[in-house]
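This report walks through a set of computed features of one protein model. It is meant to be read alongside the sequence and the coordinates.

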Amino acid sequence: MIGIATLWIGVLLIGGGFALDRVLSDAITRNFDSQLSYALTAMVASAEIGPDGEVRFNRPLGDQRFLEPYSGLYWQVSAPGHDPFRSRSLWDRALQQAADHAGAEDHVHDSKEFQGEDLRIIDREVRLPGSPAAWRFQVAANRDTLNDQIAILRRTLVRAFAILGMGLIVLAALQAVFGLLPLRTLRRAVAAVRSGEASRVDVHLPDEVAPLVEELNALLMHSETQAEEARRHAGNLAHALKTPLTVLMNEATSPTVDLPDIVVKATTTMRRQVDHHLARARAVGRRANTQARSEVWPSLKAVERAMGRMHRHVTVDLAGPQDAAIHVERQDLDEILGNLIENAAKYGQGRVFVTVVKDAGFVELQIEDDGPGIPADQRGNLFERGARLDTGKPGTGLGLAIVRDVIEIYGGTISLEESEDLGGLMVRVRLPAAV
């Protein structure tokens, strides 16, 4: 930042300095030329033709330097066929005629015709009354005065712009140093969190950095929540496996004839628990991706095709907007829809109706079947692990429990109601909508 600021300040000051130097130098030069033009006009106003046909002045020019030899200020009047009429300051020298200029307009040019002396010359052609000749009036001045004024101007500009540039660079450096100071404070606070000295970034920072601190604290809280969920899942899984393992150990150390049945029952229970907790763990891990986005309609069509192969007597009807999207990973959405639609197909009489509804930041999925339905007082039990109302159908009783856990992990809800159209069960699922 300091380097870029220095480069940019340097470019601006150099460009501005050149422009200002050009403007002020031209102004000084124009002022110098206006003084020469004034002297030239005074010469023309006082000039007349004498009896001998030569030009003369009817009054002396006011500047004393025209009378001092080699003073640096000269005038000369000349015409073809006439001797030049010169100021005493020229002494034994004469001004050259500019061959590339003729006319009544003023012509200003620089000349090096005098050795060791640069001249600034202004000339004008004038036809005086009583003379057929065109008289060339010239005024010349040493450029040293003009050059000195321009040199003083440039030294002043260089010093002023150098001081200004140094001041701006110092201010830019101080701004960068003190402006980034909150980030160094934030870095130390984050290091304290990483080392365990603090649990949150608790420092007072400017408004520009405060949102970053809030997001960091939210990230820390999210990480702690995930770690706590992982510990809770590990504890629940250990607790769930403890009883079956104890049964297996007791049966293995005591003679019994039904050992195979006990082993199958215990291992089945253990497998259900492992599947349940692995599904939760996968959902929690995928939830960390805040950019998760899935289209609802492709998942519904995929589940519909799968149901057509598994349950050929079941008709699955889909309705609703086809552009609905939710903040859920596609794999989890397929698992949710697969479980719910398969249950509807398994326990219904052959018709399943799925409706998609957009509602105030959520997408609602309504899965209805034409089965016998479930009494209202027994619906809450279906979300318990291993709970089954119809043991005549194959299954483990973990489907709805896993679906509920995954939906809640993504910030959604699930409820069981009665279907008004088909008369069976309606499962209402609400999940956060994605833009």
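What follows covers a surface patch, a pocket, salt bridges, backbone angles and contacts between residues far apart in sequence.

The model is a predicted one, and local features are reported for residues with pLDDT of at least 70.

**The nonpolar patch**

On the surface, a nonpolar patch is formed by Ile2, Leu164, Leu168, Val170, Leu171, Leu174, Val177, Phe178 and Leu181, which together have about 770 Å² of accessible area. Helix H2, spanning residues 144-179, makes the greatest contribution to the nonpolar patch, with seven residues. Isoleucine 2, also a member of the patch, lies in helix H1, which covers residues 2-46. Because its relative accessibility is 36%, isoleucine 2 counts as partly exposed.

Leucine 171 is another patch member, and its place is in helix H2. With a relative accessibility of 55%, leucine 171 lies over the 50% limit and therefore counts as exposed. Leucine 171 can also be paired with alanine 5: the two are 166 residues apart in sequence, while their C-alpha atoms are 10.0 Å apart in space.

**The second largest pocket**

The second largest pocket has a volume of about 410 Å³, and its lining is made up of 21 residues, with Gln35, Ala39, Asp63, Arg65 and Leu73 lying nearest its centre. The elements that each give two or more residues to this lining are H1, strand S7 (135-142) and H2. Of these, H1 supplies the largest share, with seven residues. Sorted by class, the lining of the second largest pocket holds ten nonpolar, eight polar and three charged residues.

Two of the residues nearest the centre of this pocket, Asp63 and Arg65, are also partners in a salt bridge, in which the closest N and O atoms are 2.9 Å apart. Arginine 65 counts as partly exposed because its relative accessibility is 41%, and aspartate 63 falls into the partly exposed class because its value is 28%.

**Salt bridges**

How many salt bridges does the structure hold? There are 21 salt bridges in the structure, and three of the pairs are set out below with the distance between their closest N and O atoms.

| Salt bridge | Closest N and O atoms | Relative accessibility of the partners |
|---|---|---|
| Arginine 65 and aspartate 63 | 2.9 Å | 41% (arginine 65), 28% (aspartate 63) |
| Glutamate 295 and arginine 293 | 2.8 Å | 30% (glutamate 295), 42% (arginine 293) |
| Glutamate 304 and lysine 301 | 3.2 Å | 22% (glutamate 304), 32% (lysine 301) |

The pair of glutamate 304 and lysine 301 sits within a single element, since both residues lie in helix H6 (residues 296-310), where they are three residues apart, or about one turn of the helix. Glutamate 304, at 22% relative accessibility, counts as partly exposed, and lysine 301 is likewise partly exposed at 32%. For the pair of glutamate 295 and arginine 293, the relative accessible area of glutamate 295 is 30%, which means that this residue is partly exposed, and arginine 293 is partly exposed with 42%.

Beyond these pairs, a network of salt bridges links Asp359, Glu364, Glu417, Arg428 and Arg430.

**Positive phi angles in loops**

Which loop contains tyrosine 70? Tyrosine 70 is found in the loop between strand S2 (55-57) and strand S3 (73-78), and its phi is near 55 degrees, a positive value in a residue other than glycine. Tyrosine 70 is partly exposed, its relative accessible area being 42%.

Alanine 360 has a positive phi of about 50 degrees, although it is not a glycine. This residue, alanine 360, lies in the loop between strand S11 (351-359) and strand S12 (362-369). Is alanine 360 buried or exposed? Because the relative accessible area of alanine 360 is 72%, this residue is exposed.

**A further pair distant in sequence**

Phenylalanine 85 is located in strand S4, which comprises residues 85-86. Phenylalanine 85 and valine 55 are 30 residues apart in sequence, and their C-alpha atoms are 7.3 Å apart in space. With a relative accessibility of 27%, phenylalanine 85 counts as partly exposed.

Notes: Residues numbered from 1 in each chain as written. Predicted model: local features only at pLDDT ≥ 70, side-chain atom pairs only at ≥ 80, totals over all residues. Heavy atoms only, no water. Patch = residues over 30% accessible without salt bridge, like charges linked within 9 Å, V, L, I, M, F, W, Y side chains within 5 Å. Areas by Shrake-Rupley, 256 points an atom, 1.4 Å probe, with all protein chains shown as cover. Salt bridge = Lys/Arg side-chain N within 4 Å of Asp/Glu carboxyl O. Helix = DSSP H or I, 4+ residues; strand = E, 2+ residues; numbered from the N terminus. Buried < 20%, exposed > 50% of the residue type's maximum accessible area, 1.4 Å probe, protein only. 1 Å grid on protein atoms, 1.4 Å probe; cavity = no way out; pocket = protein on both sides within 12 Å on 5 of 7 lines; lining within 4 Å. Points joined across faces, edges and corners; volume = space filled by probe spheres on them. Nonpolar A, V, L, I, M, F, W, Y, C, P; charged D, E, K, R; others polar.
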